[in-house]
Structures are given as C-alpha cells and as structure tokens.
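Thanks, everyone. I will keep this brief and go through the fold with the structure on the screen.

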Amino acid sequence: MTRYALLLRGVNVGTKNSLPMAELRAMLSRLGCGDVKTYVQSGNAVFTTKLGVAELTKGIEEALEQFMGRPISTTLRTLKQLQAVVDGNPFADVATNPSSLCVTFLSVAPTKAELAPLHAQDWGPELFQVAGKEIYSWYPNGQGKSALAVAMGKLALRGTVTTRNWNTVLKLLELFG
C-alpha cells in the first residue's frame, strides 16, 4: 500500500469547474483508494492505494473527465516526495508569509530551455528556484500583481503543472498523518 497526495489542476476555479470534494472522495474510493481525505475546495486529496502510479493516474483522470466533461490534469506525490519538498524549501529564511510562498509541482523536470524566460531577468524582490520537478517561488508582495507569477504561467512546460501555496503544502503533509 502506498499513500499519495493528489493535486488537481483547474478545478473549483470559475463557475464551470465545480468538483465537490465529496464527489472526489467517492471517485477515489470507487478506484480502490482508502482512507481518503480532502483539503479545501481546490482538488487536494491524500489517500492509500495498492494501484501503481500509471494505473492510478489513468483511473483518476478517466473518472474526472467523465464527471467534469473535460480532461483534468493530475499530480501525485508520495509522503517521501512531499516531505522532501518541505525539507528542501530554499526560502525558509526569507519567506515570512506562507501564503506568498508557492510550490509549482511538475510531472516532468523542466529543461534549461523551458526555464530560459525565468532566467532572462532579475525578478527581485521576488525569487524562484527549481529543484527537480518542483519550482519554489516567493512573492513578498503577493501573487496578484506579480510579474514572476505571470512569467511562470506562460512557461511552455511539458506534462502536468499545478501550484500550491505553502500553507496547502504543509496541510497536505499533515494529512499523511
């Protein structure tokens, strides 16, 4: 049995993307997942399963597409992987507001070419750092008017991409319990 954190992209954002967390828990249970816990209304869940990553991802994405009427990108992290994200926080000494510290979770590690737009300028006082399949970003004045956040949103990255603020990352780690 493996325990995973599931992060969905683009659900419960806007009026046509509604996915009740009770429905997500039911979907995961029907796939054979157990001890399913969800966090907030943005497509975050932690659960246990015997399924392998490929079979699990396919099952979740098919169930979500059937319910939502469109493809939904999924990202999975194990406890060890999520703990490594928390332990590897490069901005622990400067990120004073956890809601302004974000982690972008990627299914494929980015190439230098894909990241070139981020390295093309100084974003100060905002910061970013890439660590494998995660990009940490610090927005001391919030993401709302952030040039770095806009640039990150325009990156041509392969695979699945979804971002969570630090509060959510810590809560998901806590849900692994």
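I start with one pair of residues: Tyr39 has Asn44 in β3 as its bridge partner. Keep in mind that this is a predicted model.

That pair takes us to the hairpin made by β2 and β3, which has four residues between the strands. In the turn, Val40 has a positive phi of about 45°. The two strands run antiparallel and are joined by four bridges. Gly34 also has its bridge partner in β3, namely Thr48.

Now the other neighbour of β3. Six bridges join β1 to β3, again antiparallel, and Ala5 has Val46 of β3 as its bridge partner.

Put together, the sheet is open, with four strands in the order β2-β3-β1-β4 and antiparallel pairing. The edge positions belong to β2, residues 34-39, and β4, residues 74-78; each has a single partner strand, so one side of each has no neighbour in the sheet. From one strand to the next, the twist averages 25°.

Next, the helices. Helix α2, residues 53-68, packs on the sheet and touches β1, β3 and β4. Its direction makes about 145° with that of β4. Helix α3, residues 79-87, lies across β1 and β4 and runs at about 90° to β4.

Last point: how many residues of β3 are buried? Six of the six, so the strand is largely enclosed by the rest of the structure. Taking "buried" as under 20% relative accessible area, both faces are covered: Asn44, Val46 and Thr48 on one side, Ala45, Phe47 and Thr49 on the other.

That is all I have.

Conventions. Residues are numbered from 1 along each chain as its sequence is written. This is a predicted model: local features need pLDDT of at least 70, side-chain atom pairs count only at pLDDT 80 or more; totals for chains, interfaces and linings use all residues. Side-chain values use heavy atoms; hydrogens and water are left out. Two strands pair if DSSP finds at least two bridges between them. Axes are lines fitted to C-alpha atoms, for helices over the stretch in contact, and angles run from 0 to 180 degrees between N-to-C directions. Contact means heavy atoms within 4.5 Å. Buried means under 20% relative accessible area, exposed over 50%, partly exposed in between (1.4 Å probe, protein chains only).
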